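Visitor: I am new to this kind of picture, and I would like to learn how to read the packing of helices and strands. Could you take me through it slowly?

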Amino acid sequence: MSLITVERKILEKNDEIAALNRQLFRERKIIAFNLVSSPGSGKTSLIENTIQCLNHKIKVGVIEGDVQTNLDAERIDALNVPVVQIVTNGSCHLDAMLVRDAFSKFDSHVLDILFIENVGNLVCPAAYDLGERMKVVIVSTTEGDDKPLKYPAMFRNSEALIINKMDLLSYLNCSIAELRKNALLINPSLKIFEVSCTSGEGIGKWCKFLIEMSNHDEKQG
Ligand SMILES: Nc1nc2c(ncn2[C@@H]2O[C@H](COP(=O)(O)OP(=O)(O)O)[C@@H](O)[C@H]2O)c(=O)[nH]1
Ligand SMILES: [Mg+2]
């Protein structure tokens with residue numbers, strides 16, 4: 001019983017800080033995306049492709065979350081984009097406090113979009129609000145079409161789904177129709193993008209969506 005109480009307290013504290021993060025992002029007119037997926041599905045590749053596609057027309061900042069190493073931050077830094085690496089030292093997800101501390105290291109007044117790359121797994125990050133505008137779940141074709149059914153919380157809590165590694169589809173036993181059907185069964189309002197970070201297919205459509213979101217926010221003031 002006490003374990004359950006401790007866990008609830010941790011989540012309550014997290015939600016309090018997440019609400020403050022959300023308020024701060026809104027005040028600074030920054031759209032924050034929490035990118036969640038299993039390891040290797042292409043979160044960092046998607047961020048790299050997006051940065052190149054947006055070509056500094058929209059100012060991007062990145063928070064990288066990993067259990068160990070700053071390898072992903074080095075990839076983003078190579079593109080001359082501000083990046084802060086969080087090393088969780090074993091924890092399987094980011095939390096709102098870690099994001100608050102990482103965000104304080106940016107010159108946040110010059111950012112339009114903040115990508116937060118969460119630790120790779122389809123379970124723990126689903127439970128933690130970071131103050132993001134939306135979670136974006138990435139699934140690659142190599143993972144199969146059943147993942148939405150096996151990890152429903154992640155798909156329920158996300159607003160967009162990126163299906164990555166479309167270039168490999170012909171080698172795999174993965175049905176995009178089935179994957180879409182399973183995802184929409186869990187969350188009928190998911191916006192779905194099919195992309196390949198290797199060929200660049202679909203990245204333009206995804207970036208158009210980001211630009212529209214950003215323009216919409218500008219108009220709302
Ligand atoms: N064939 C193919 N490989 C990809 C694609 N996107 C990413 N990869 C590869 O998948 C591996 C993991 O990608 P990464 O972006 O590091 O995944 P993360 O762990 O989710 O950040 C790397 O070797 C990438 O080059 C893709 O669209 N097609
Ligand atoms: Mg990565």
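Visitor: At what angle do the axes of H2 and helix H8 cross?

Guide: Two packed helices are described by the angle between their axes and the distance between the axes. In this predicted model, where local features need pLDDT of at least 70, side-chain atom pairs count only at pLDDT 80 or more, and totals for chains, interfaces and linings use all residues, the axes of H2 and H8 (residues 203-220) come within 10 Å and cross at roughly 70°. Axes are lines fitted to C-alpha atoms, for helices over the stretch in contact, with angles running from 0 to 180 degrees between N-to-C directions. That crossing makes H2 roughly perpendicular to H8, a term for angles of 65 to 115 degrees. Residues are numbered from 1 along each chain as its sequence is written, and chains are lettered from A and ligands numbered from 1 in the order in which they are written.

Visitor: Which residues of H2 and H8 make the contact?

Guide: Two residues are in contact if their C-beta atoms, placed from the backbone, lie within 7 Å. Here Asn49, Thr50, Cys53 and Leu54 of H2 meet Ile203, Gly204, Trp206 and Cys207 of H8.

Visitor: How many residues of strand E1 are buried?

Guide: A residue is buried if 20 or more other C-beta atoms, placed from the backbone, lie within 10 Å of its own. In E1 (residues 31-37), 7 of its 7 residues are buried.

Visitor: Which strand does E1 join through Phe33 and its opposite residue?

Guide: Two strands pair if DSSP finds at least two bridges between them. Phe33 stands opposite Phe115 in E4, and 5 bridges join E1 to E4 (residues 113-117), the two running parallel.

Note on methods. Helix = DSSP H or I, 4+ residues; strand = E, 2+ residues; numbered from the N terminus. Parallel < 35°, antiparallel > 145°, perpendicular 65-115°, else oblique. Buried ≥ 20, exposed ≤ 12 C-beta atoms within 10 Å, placed from the backbone.
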